[in-house]
Amino acid sequence: MDGDLARQLPSIDQVARATHNERARQRFVSSLRKRVMVDMPQHLRAAYENVVLRDFKRQKKRAPRDGREIRQAMLSNPYFRAWSTLRYVAQEMTWWSVQPQVERNVQQVNAVARAVAAQPGLGSLQLDSTLAIPRDVSVMDIHLMPGCFHTEYVPQDAAPGAIYFHGTHVFSAGLKLRVKGGGVGRSIAEWLRIRFPQLQPQRILDVGTTEGGNLMPYLDVYRDAEGHGIDVGAPMLRFGHALARARGYNIHFAQMDARRMTYPDNHFDLVVSSFFLHEQSAASNRAILREVYRVLRPGGFMVHMELPPAEECDPYYNFYLDWDAYYNNEPHYAGFRTSSPLAECARAGFKPERSFKTRIPNYTTVSDAEFAAVARGEKPAPAHGNGASWFIFGGAK
Ligand SMILES: C[S@@+](CC[C@H](N)C(=O)[O-])C[C@H]1O[C@@H](n2cnc3c(N)ncnc32)[C@H](O)[C@@H]1O
C-alpha cells in the first residue's frame, strides 16, 4: 500500500462505530457512573457520619484510626453495600457497552492497525513477542476489563486497544470536561510549561502508556518534542500507534517492561506516567523508579500522576479511595498509597531538594487563568475528587 492509500485509511478510533442502540446503552452507563461517582458519595458520607461513625464511637469510645477501620465498619452498612455493588456493576458495564461494536468490527480494526504499521510515516511501533508479561498484569483483569491489557484473541490483535479506548470514554463521559481525553497529560504539560519554562523537552517518555492517550497532549504543548511510549500490552500499542499516526503525533511505541528498559542512560528530557505505578507491586515500583532515574538526563524531569497517598488524606477519604484495591482488581492500590512518594523518589536517586509532590487543577475543567494562577502558586488547587485536580510527584535529576 502506498502513502496515498495509507492517508485514505480511516482513523482507527472511527472504525468500530457504535449503533444508535449501543450509543444509547453507553450513555446510560455514563449516567450510571456519574450517579455513583458524583451524586451518591455525599449520601455515602452521610451514612458513615450519621450511622456508622456514631455506632463505632459508641462501641469503641473513639473515632476510627484509619481507612481500614472505616472499611471494616462500613462493610455491613446497607448504603455502602448498594453503592459498592452499583459501582462494580457500572465498571463491568463500561466494557460490556463497547465490546459489541468492537467485536463486530474486529477485522477492520485490525486491518487498519496492520496497514498503518506496515507504512513508513510518523513515529514507529516496536513489538517484542518474547517479552514476559509481568504477573501484575497477567493474573487478573485489571479494572475488570476482559482480557486485561495484553490478551490477544486473534493474531496481531489491536481490538483490545479499541475496547480500552472506547471504554474509557464511556467511563468519564458523565464528568464535565472542556477537552475530551488526555486530561492528565495536558494538565501536567501545562503545569510544567508555566512552572518550569526553561524545560523544553525534546524526548519525552511515558511509561505504562497504554494507547498513548495521556502522552499525546504533551506533544500539543511541546510541539517539537518526540514522544516515546512503552507498555507490555501489544494490543494497546498497536491501537495507539495507529491512533497517533491518524492524529499526526510523532510517537515511538515500544513493547517493553518498565522495570528493565532497553534505552541508554541519560536518554530522555522528561519521563512521565499516569495511572500506572499503583498497579505495580512495591518491588516493581522501586525497580521502575530506578530505571526512570537511569534513563533521565541530568537536569531532566520525572512526573507521575497517581491518587493522593494516604499521608495526604483523612481516614474517610482513604477508605473511599481504596475501593479499587478491593473491588476493581487493583490489589496493590491500597499498599501503594501507604508509601511515601518523596521517600520513594529519594530511594531511586532523586535529591530531596529537587523532588516534589503537589496537586494541580485538571486543565480540562478550569479556565486558563485559574489554571495559571494555581501553577504560579497564587492560589491552591481545587480539592481532589472526580477529576477536579490531580496529585503528582516527581523530581529533577
Ligand atoms: C492503567 S494503565 C495506564 C493508563 C495510561 N497511562 C493512561 O494515562 O491512560 C497501566 C498500563 O501499564 C501497563 N504496564 C503494567 N506493567 C507494566 C510494566 N512493568 N512495564 C510497562 N508497562 C506496564 C499496562 O499494560 C497498562 O497498559
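Where does Phe-275 lie? Look in the loop between strand 5 (268-274) and helix 12 (282-295), and you'll find Phe-275 there. Keep in mind as you look around that this is a predicted model.

Phe-275 is a nice place to start, since its backbone does something worth a second look. Most residues other than glycine have a negative phi. Phe-275, though, has a positive phi of about 50 degrees, and it is not a glycine. Is Phe-275 buried, exposed or partly exposed? Count the other C-beta atoms within 10 Å and you get 17, so Phe-275 is partly exposed. Gln-156 makes a good companion here: it isn't a glycine either, yet it has a positive phi of about 55 degrees. You'll find Gln-156 in the loop between helix 7 and helix 8. Gln-156 counts as partly exposed because it has 14 C-beta neighbours inside 10 Å.

Now slide over to the ligand. There are 22 residues around the ligand, and the ones that come nearest are Phe-149, Gly-208, Asn-214, Ala-258 and Ser-274. Helix 7 (135-138) and strand 3 (226-231) are the elements that give two or more residues to this shell. Sorted by class, the shell has ten nonpolar, seven polar and five charged residues.

Next up are two helices, beginning with helix 11 (residues 234-247). How far apart are the end C-alpha atoms of helix 11? They are 20 Å apart, which agrees with the 20 Å that its 14 residues should span at 1.5 Å a residue. Helix 11 is mostly covered, with twelve of its 14 residues buried. Among the buried ones are Met-236, Phe-239 and His-241, and even Arg-238 and Arg-245 are on the list. What does the covering? Helix 6, helix 8 and helix 10 (216-221) are part of the cover, along with strand 1 (124-126), strand 3 and strand 4 (251-255). Just after helix 11 comes Gly-248, with a positive phi of about 80 degrees.

Phe-239 has another role in the picture: it is one of the residues with the most contacts inside the largest nonpolar core, which has 93 residues. Val-271 is on that list too. Leaving aside residues up to four places away in sequence, Val-271 touches Leu-205, Val-207, Val-292, Val-295, Leu-296 and Met-302.

Helix 5 (residues 78-104) is the second helix to visit. Its 27 residues reach 40 Å from first C-alpha to last, close to the 39 Å expected. Follow helix 5 along and you'll meet a bend of about 30 degrees at Val-98, with a proline, Pro-100, following within four residues. Pro-100 is partly exposed, because 15 other C-beta atoms lie within 10 Å of its own. Val-98, on the other hand, is buried, and so are Trp-83, Trp-95 and Gln-101, among others in helix 5. Helix 2 (20-39), helix 3 (41-60) and helix 4 (67-74) are among the elements covering the buried residues of helix 5.

One last stop: Phe-391, in strand 8 (residues 389-396). The C-alpha atoms of Phe-391 and Met-305 are separated by 5.8 Å, although these residues sit 86 residues apart along the chain. Phe-391 touches Met-305, and its other contacts include Glu-306, Pro-308 and Arg-359. With 19 other C-beta atoms within 10 Å, Phe-391 is partly exposed. A residue needs 20 or more to be buried.

Technical notes: Residues numbered from 1 in each chain as written. Predicted model: local features only at pLDDT ≥ 70, side-chain atom pairs only at ≥ 80, totals over all residues. Contact = placed C-beta atoms within 7 Å. Core = buried A, V, L, I, M, F, W, Y, C linked by C-beta atoms within 7 Å. Expected span 1.5 Å × (residues − 1). Bend = angle between axes of the 7 residues up to and from the residue. Near = placed C-beta within 6 Å. Nonpolar A, V, L, I, M, F, W, Y, C, P; charged D, E, K, R; others polar.
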